[in-house]
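User: I am learning how contacts between charged side chains are recognised in a protein model. Could you take me through the reasoning step by step?

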Amino acid sequence: MTNVLLRLSLDLPRDAATVAMARRALDGALAGVGVENDCRTDIQLALTEACGNVVAHAVAAVDYTVDVTVNDDQCTIEVSDRGEGFVLSRSQMPDPSATSGRGLHIVAALVDHLDVVSIAGTGTRLRFTKRLTWTASSRPARPKDPH
């Protein structure tokens, strides 16, 4: 069993300025518990893409939610909106000249697991996890086995 170090929930208006706010809030929290910079950078970029997708594409949504759980092994992030949803395609990376369509590919490349649920007329939830790397002085201690 792991010990949860951090839970963070943000309810944000669907506005471009909130993407940077969410990124800064999460990075500050992760830095505060001692997650290494390279790991935080991957998480920041994945979160930026996920939130940016909501802002750009969930036009029927007024707001969106970012829920984060950090334990001694991983960071789990859910970005949810109540927009119109979309049809998820498992397509290849778009042509280099395309101006969009890379967001979910980028998230998938940066994290260990990505799950996308989108239901027409209901909204979309991106849930992704990333194994954490810690600075040497901040690695959480594992609970001692009582046996």
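Analyst: A salt bridge is a side-chain nitrogen of Lys or Arg within 4 Å of a carboxyl oxygen of Asp or Glu. This model is predicted, and the structure holds 7 salt bridges.

User: What makes Arg82 and Asp63 a salt bridge?

Analyst: The closest N and O atoms of Arg82 and Asp63 are 2.8 Å apart, and because the cut-off asks for a nitrogen of Lys or Arg within 4 Å of a carboxyl oxygen of Asp or Glu, the pair qualifies. Arg82 sits in the loop between strand 3 and helix 3, while Asp63 belongs to strand 2, so that the pair links distant parts of the chain, 19 residues apart.

User: Why is Arg82 called exposed, and why does Asp63 count as partly exposed?

Analyst: Arg82 has 55% relative accessibility, and since exposed means over 50%, the word applies to Arg82. Asp63 has 29% relative accessibility, which lies between the 20% limit for buried and the 50% limit for exposed, and therefore Asp63 counts as partly exposed.

User: How do you know that Asp115 and Arg125 tie together separate parts of the sequence?

Analyst: Asp115 forms a salt bridge with Arg125, with the closest N and O atoms 3.5 Å apart. Asp115 lies in strand 4 and Arg125 in strand 5, so the pair ties together parts that are 10 residues apart in sequence.

User: Which residues are linked with these two in a network of salt bridges?

Analyst: The network of salt bridges links Asp115 and Arg125 with Glu78 and Arg127.

How values were computed:
Residues numbered from 1 in each chain as written. Predicted model: local features only at pLDDT ≥ 70, side-chain atom pairs only at ≥ 80, totals over all residues. Heavy atoms only, no water. Helix = DSSP H or I, 4+ residues; strand = E, 2+ residues; numbered from the N terminus. Buried < 20%, exposed > 50% of the residue type's maximum accessible area, 1.4 Å probe, protein only.
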